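Got your viewer open? Here is a short tour, stop by stop, with something to select each time.

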Amino acid sequence: MRLGILTGGGDCPGLNAVIRAVVLHGGRRWNDEVVGFRDGWRGVIDDEGFVIAPERASRILSRGGTILGTSRIQPYTTADGPRRAVEALQRRGVEGLIVVGGEGTLSVANRLHRDHGVRLVGVPKTIDNDVGVTQLTFGFETAVQTATDAIDRLHTTAESHNRVMVVEVMGRHAGHVALWAGIAGGAAAILVPERPFDIAAVSGDLQRLHEGGTRSSVVVVAEGARPMAGTLEIPEPGVDEYGHARLGGIGAIVASEIEARTALETRVTVLGHVQRGGTPTAFDRVLCTSFGVAAVDATHEGAFGQMVAVRGGGLALVPLAEATAALKPIPADLWQVAQACLS
Ligand code: F6P
């Protein structure tokens, strides 16, 4: 069979591990040839791709980024995009397309399958871990580890100076990275988009901790975190060329408010794209390899319009329509765990 693969949206650790698994497993088990499209949907629209040789794929397991490139360009916002994409796939004889992406890329996949009958299977990627239905997206675990390592380092310098450290992590609509890294890093406060925060309460908690003898406290803030209405003025974010809010900056606002309200010396660190770069953890490599193998097998079973997912501790196929219907918020029980151990 001739398969296609693309990686779309923001990059994340593990994309190359998925590509490798698709090329190796597809070639060995099914005698597939795999065409890689460049820069996500753009490569399909512009018919720009190349056959990925197994020798090329075999040594990319641990490499960050994506050898295919990625972008946020997509057919439904490109002139004649859906027709061009469908025709390019037909011209190249692609019988099954593996679409590796987050909510935006997978929503496009769902529409192309539903409205144009494109034979495709999705693989959920994003450090934000906010794709619906799957318990995990790949890249998330690596990002959490990166953020946790940073928090561990921030604790030691904070302790030397008796400071509050505010660390801003990614998480546009959901606070999974902030929540996990906050628990793993022993944060004093965790601010996430799903739970508007009260800066007075956060500052009061920090004051009490330091009065009680704490010399280092870390506040983890997701970039999409917002204050409770009427408690703190924050500027509206700008938008990028694809209409997405350009986030970042809430950490600095929170830090200066804390300092003003508590008189505790406070510093801010923005982790930004550091969380998306670099080599995937061993866990993510295993997850990516499993996703890649499952996606290839799904195309051979004709399970088009589906996405590979983690469900109940194992892998499953779920309809793309379901997976893209709503973003996945942080789980309430893990939020309670975090609140129980803030320190
Ligand atoms: O979608 C993943 C994500 O990492 C978000 O958390 C973040 O807001 C966004 O990508 C940043 O993307 P860009 O690469 O456009 O700066």
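A residue counts as near a molecule if one of its heavy atoms lies within 4 Å of it. Keep that cut-off in mind for the first selection, and keep in mind too that this is a predicted model.

**Stop 1: the ligand and its shell**

Select the ligand and show what surrounds it: Arg-72, Asp-128, Met-170, Gly-171, Arg-172, Glu-223, His-273 and Arg-276. Now colour that shell by class. How many nonpolar, polar and charged residues does the shell have? The tally is 1 nonpolar, 2 polar and 5 charged.

Next, turn on distances to the ligand's oxygen atoms. From Arg-276, a side-chain N or O atom is 2.8 Å from a ligand oxygen. His-273 also uses its side chain, with an N or O atom 2.9 Å from an oxygen of the ligand. For Gly-171, look at the backbone instead: an N or O atom there sits 3.4 Å from a ligand oxygen. As for cover, the ligand on its own exposes 400 Å², and the protein buries 78% of that. If you run a pocket search, the space that the ligand takes comes out as the largest pocket.

**Stop 2: two residues with positive phi**

Time for some backbone torsions. Most residues other than glycine have a negative phi. Go to Asp-39, in the loop between strand 2 (33–37) and helix 2 (41–45). Its phi is positive, near 60°, and it isn't a glycine. Then jump to Asn-129, in the loop between strand 5 (120–124) and helix 6 (140–161). Asn-129 is no glycine either, yet its phi is positive at about 55°.

Which of the two labels, buried or partly exposed, goes with Asp-39? Asp-39 is partly exposed, because its relative accessible area of 24% falls in between the cut-offs of 20% and 50%. Asn-129 has 4% relative accessibility, so it counts as buried.

**Stop 3: pairs to measure across the chain**

For this last stretch, draw C-alpha to C-alpha distances.

- Start in helix 2 with Gly-43. Gly-43 has a relative accessible area of 0%, so it is buried. Draw a line to Ile-73, 30 residues away along the chain, and the C-alpha separation reads 9.3 Å.
- Move on to Ser-71, in the loop between helix 3 (54–58) and helix 4 (81–91). Ser-71 counts as buried too, at 14% relative accessibility. The partner to pick is Asp-11: 60 residues apart in the chain, with 8.5 Å between the C-alpha atoms.
- Now select Glu-103 in helix 5 (residues 103–116). Glu-103 is partly exposed, with a relative accessible area of 34%. What C-alpha distance separates Glu-103 and Ala-326? They are 223 residues apart along the chain, and the distance is 8.9 Å.
- Finish on Arg-208, in helix 8 (residues 199–211). Arg-208 has a relative accessibility of 54%, so it counts as exposed. Its partner here is Thr-262, 54 residues apart in sequence and 9.7 Å apart in space.

**Before you close the session**

Go back to the ligand for one more view. Keep the side chains of His-273 and Arg-276 on display, along with the backbone of Gly-171. Those are the contacts to label, at 2.9 Å, 2.8 Å and 3.4 Å respectively.

Methods. Residues are numbered from 1 along each chain as its sequence is written. This is a predicted model: local features need pLDDT of at least 70, side-chain atom pairs count only at pLDDT 80 or more; totals for chains, interfaces and linings use all residues. Side-chain values use heavy atoms; hydrogens and water are left out. A polar contact is a pair of N or O atoms within 3.5 Å; within protein, one must be able to donate a hydrogen and the other to accept it, and residues adjacent in sequence count only if both atoms are side-chain atoms. Accessible areas come from the Shrake-Rupley method with a 1.4 Å probe; for residues, only the protein chains shown count as cover. On a 1 Å grid over the protein atoms alone, a cavity is a set of points where a 1.4 Å probe fits but cannot get out, and a pocket is an open set with protein on both sides within 12 Å along at least five of seven lines; lining residues have an atom within 4 Å of a point. A molecule sits in a cavity or pocket if more than half of its atoms lie within 2 Å of its grid points. Ala, Val, Leu, Ile, Met, Phe, Trp, Tyr, Cys and Pro count as nonpolar, Asp, Glu, Lys and Arg as charged, and the others, Gly among them, as polar. Helices (H or I, at least four residues) and strands (E, at least two) are DSSP runs, numbered from the N terminus. Buried means under 20% relative accessible area, exposed over 50%, partly exposed in between (1.4 Å probe, protein chains only).
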